[in-house]
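Subject: Handing over a structure, with notes

Dear colleague,

I am passing on the structure we talked about, and I would be glad if you could read the notes below with the coordinates open beside them.

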Amino acid sequence: MKKLFLVAFLLGFAPIFAQETDIEDVELTPDNSWLKLGLTAGVPVGDANDASSFAFGADLRGQYLFNPNIAIGLASGYTHYFGKDNIDDFGVIPAAGFFRYYFTPDGLFLGVDLGYGFLANIDNNDGGLYVNPQIGYHNRDWNFYAYYQNTFAENELDIQNVGVGVTYNIRFN
C-alpha cells in the first residue's frame, strides 16, 4: 500500500516537472535558488509517543524556484527523538525531494517532502518511506511552518511527530 501511495504521488506531480528545458537555460540566481537552514521542534505521536517525549531537529534544504509560485529541491537534516522510560534516544535522517507552492511572494505556502528516512539507534530497522507535509508563512528571508513528519519504517513501525519549524534562506550567488 505504501509503494502504491508513493507511485501515485510521483505520477501526480510528473506533469509539473515534464516541461522541456535545456540544462543550459537554467540559471541559478539569488532570486531563484537558495540554501535553507533551520530548526524543528515536535511532539512524538503514534508509535514514537510510546518511546519518546520530545523531538528536536535540524533542517537543511536546497531550493530552486521554477517561477514565483513553484519550487522543488532536496531536503535532509536530522530529527532527534529523546527517549523516555529507560528507552535510548533515536533519530531519523531524511534523504528527500521536496515540492512547495507559494501562493504569493510573501505569505502562505504548502509543501511536502518525500523520500527515505534512515533510522538511527533502532535495532533491526533501517528506515522507510519518509513523508513530511507542511503549511506555513514565508518571506524573502524566513519560513515559519507547522508540519507532520512520518517515517513508515520496516516491521510496521511508524516514527511520527507533529511540530513547528523555522528556516533561514541563504542565497546562492
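The notes that follow take up strand pairing, then the nonpolar residues, and then the salt bridges.

Please keep in mind throughout that this is a predicted model.

Strand pairing

Strand 2, which covers residues 52-65, runs antiparallel to strand 3, residues 70-83, and 13 bridges join the two. These two strands form a hairpin with 4 residues between them, and within the pairing F56 of strand 2 has H80 in strand 3 as its bridge partner. Strand 3 is in turn joined to strand 4 by 9 bridges, again in the antiparallel sense, with T79 standing opposite V92 in strand 4. The hairpin of strand 3 and strand 4 has 6 residues between the strands, and D85 in its turn has a positive phi of about 55°.

From there, strand 4 pairs with strand 5 (residues 107-120) over 12 antiparallel bridges, and A96 stands opposite G115 in strand 5. A hairpin of 4 residues makes the connection between strand 4 and strand 5. Strand 5 also runs antiparallel to strand 6 (residues 127-138), to which 12 bridges join it, and here G117 stands opposite G128 in strand 6. In the hairpin of strand 5 and strand 6, where 6 residues lie between the strands, N121 takes a positive phi near 65°.

Nonpolar residues, inside and on the surface

The largest nonpolar core is made up of 12 residues, among them A48, A51, Y81, F90, V92, A96, L119 and I159. Helix 2 (47-51) and strand 4 (90-102) are the elements that give two or more residues to this core, and the largest share, 3 residues, comes from strand 4. A second, separate core has 7 residues, including A71, F109, Y145 and Y147.

On the surface, L37, L60, Y137, W142, F144, Y168 and I170 form a nonpolar patch, whose accessible area together is about 630 Å². Strand 7 (142-153) and strand 8 (157-171) are the elements that give two or more residues to the patch. One of the patch residues, Y168, has its place in strand 8, and Y168 counts as partly exposed because its relative accessibility is 35%.

Salt bridges

A search of the whole structure finds 3 salt bridges. In one of them the side chains of D59 and R61 meet at 3.0 Å, N to O, and D59 and R61 are buried. In another, the side chain of R61 meets that of D113 at 2.7 Å, N to O. Because R61 lies in strand 2 and D113 in strand 5, this pair ties together parts that are 52 residues apart in sequence; D113, like R61, is buried.

The side chains of D141 and R171 also meet in a salt bridge, with an N to O distance of 3.4 Å. D141 lies in the loop between strand 6 and strand 7 and R171 in strand 8, so this pair ties together parts that are 30 residues apart in sequence. D141 counts as partly exposed at 32% relative accessibility, whereas R171, with a relative accessible area of 18%, is buried. Through shared partners, salt bridges join D59, R61 and D113 into one network.

With best wishes

Notes: Residues numbered from 1 in each chain as written. Predicted model: local features only at pLDDT ≥ 70, side-chain atom pairs only at ≥ 80, totals over all residues. Heavy atoms only, no water. Core = buried A, V, L, I, M, F, W, Y, C linked by side-chain atoms within 4.5 Å. Buried < 20%, exposed > 50% of the residue type's maximum accessible area, 1.4 Å probe, protein only. Pairing = 2+ DSSP bridges. Patch = residues over 30% accessible without salt bridge, like charges linked within 9 Å, V, L, I, M, F, W, Y side chains within 5 Å. Areas by Shrake-Rupley, 256 points an atom, 1.4 Å probe, with all protein chains shown as cover. Salt bridge = Lys/Arg side-chain N within 4 Å of Asp/Glu carboxyl O.
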